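Dear colleague,

Here is the structure I promised to pass on, together with some notes on what turned up when I went through it. Please have the model open while you read.

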Amino acid sequence: MTSGRPLVSIVTPSLNQGRFLREALESVRAQTYEPVEHIVVDGGSTDDTLEILESSEGVAWVSEPDRGQSHALNKGFAAARGEVLGWLNADDHYLPEAVAEGVRALAETGAGLVYGDVTRVDGYGVNPRRIRSRPTWDLWTELNAGCGIYSPSVFFTREALEAVGELDESLHLTMDYDLWLRIGKRFPVRHVDAVWAVQRLHDDAKTVSQYDEFWPERLKVSRRHGGRLVSPLLIRRYVRPPAAQRVIGRAVSGAYALARKRPEKGG
């Protein structure tokens with residue numbers, strides 16, 4: 001990043017999330033950090049989203065049909081001018097110090113991506129509980145145990161995004177996991193012990209409404225990037241008791257270790 005205060009661009013993909021969107025917009029406006037630009041890429045909502053966007057100052061937005069969330073985010077990041085980028089879904093919102101702390105962490109650590117924790121609430125904004133992200137970034141763990149990072153608590157550099165390329169538009173549920181892995185292979189990634197965002201789980205959220213579809217896409221991404229054929233991610237899917245998971249996990253790890261010690265077959 002250049003010296004001074006870098007511009008931060010926040011991209012929000014949206015589709016019929018009007019009942020939550022205003023809070024997301026206000027949370028970006030309430031940031032203690034400047035300068036921030038906010039870009040909303042709406043997929044052609046039919047609720048009150050457009051009325052909210054038209055009445056909101058300081059927000060750049062477009063509303064048109066798209067090919068899904070990954071495509072919307074790619075459009076937003078392509079239009080963004082900032083050196084630092086964030087991704088805030090329309091049903092989530094930031095805490096006031098999020099951007100300032102994210103920019104500071106990127107500058108102090110030299111990382112390409114930093115992430116914090118989230119507070120998770122239900123569709124009515126109640127029953128809050130802190131959800132901790134993975135406390136230390138480790139590529140092996142991220143590959144084999146699944147995504148331990150929550151997108152509303154992430155900030156990354158434009159340099160990192162341009163180096164690894166845009167979001168994979170063939171992914172509709174785990175495009176964030178894929179991007180974090182690609183960045184983590186080429187740039188330092190650091191966790192910050194702070195809550196940066198509120199993540200909302202409600203009946204229409206993908207995490208809830210498409211829960212069963214996450215698994216095959218998550219496994220696909222893990223293996224695409226070199227995750228084990230039999231990984232902790234796979235074991236947890238099919239083995240429920242924690243004690244059994246540990247036993248099987250140790251056995252699998254031992255088998256992998258033994259396989260590495262075996263000499264390759266000669267010609």
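I begin with a contact between two side chains, those of D117 and H191, which are joined by a polar contact of 2.9 Å. Please keep in mind throughout that this is a predicted model. The side chain of D117 also makes a polar contact with the side chain of R130, at 2.8 Å. D117 itself belongs to strand β6, which covers residues 113-121, and because its relative accessibility is 0%, under the 20% limit, D117 counts as buried.

Helix α3, residues 69-79, is another part of the model where burial stands out: eight of its 11 residues are buried, so the helix is largely enclosed by the rest of the structure. If you would like to find them in the viewer, the buried residues of α3 are Q69, S70, H71, A72, L73, N74, G76 and F77.

On the surface, by contrast, there is a patch of negative charge, in which D47, D48, E51 and E54 gather. Of these residues I looked further at E51, which is found in helix α2, residues 49-54; because its relative accessible area is 59%, which is over 50%, E51 is classed as exposed.

The backbone also has a few features that you may wish to inspect for yourself. E34 and P35 are joined by a cis peptide bond, with omega at about 5°, and P35 is found in the loop between α1 (18-29) and β2 (36-42).

Two asparagines have a positive phi, and I describe each in turn. For N16, phi is near 55°, a positive value in a residue other than glycine; N16 lies in the loop that runs between β1 (8-14) and α1, and with a relative accessible area of 29% it is partly exposed. For N127, phi is near 60°, again a positive value in a residue that is not glycine. N127 has its place in the loop between β6 and β7 (129-131), and its relative accessible area of 58% makes N127 an exposed residue.

If you go through the model in the order of this message, you will start from D117, with its polar contacts to the side chains of R130 and H191, and you will end at the loop between β6 and β7, where N127 is located.

With best wishes

Key
Residues numbered from 1 in each chain as written. Predicted model: local features only at pLDDT ≥ 70, side-chain atom pairs only at ≥ 80, totals over all residues. Heavy atoms only, no water. Patch = residues over 30% accessible without salt bridge, like charges linked within 9 Å, V, L, I, M, F, W, Y side chains within 5 Å. Areas by Shrake-Rupley, 256 points an atom, 1.4 Å probe, with all protein chains shown as cover. Salt bridge = Lys/Arg side-chain N within 4 Å of Asp/Glu carboxyl O. Lys, Arg positive; Asp, Glu negative; His and termini not counted. Charge placed at Lys NZ, Arg CZ, Asp CG, Glu CD. Helix = DSSP H or I, 4+ residues; strand = E, 2+ residues; numbered from the N terminus. Buried < 20%, exposed > 50% of the residue type's maximum accessible area, 1.4 Å probe, protein only. Polar contact = N/O pair within 3.5 Å; in protein donor to acceptor, adjacent residues only side chain to side chain.
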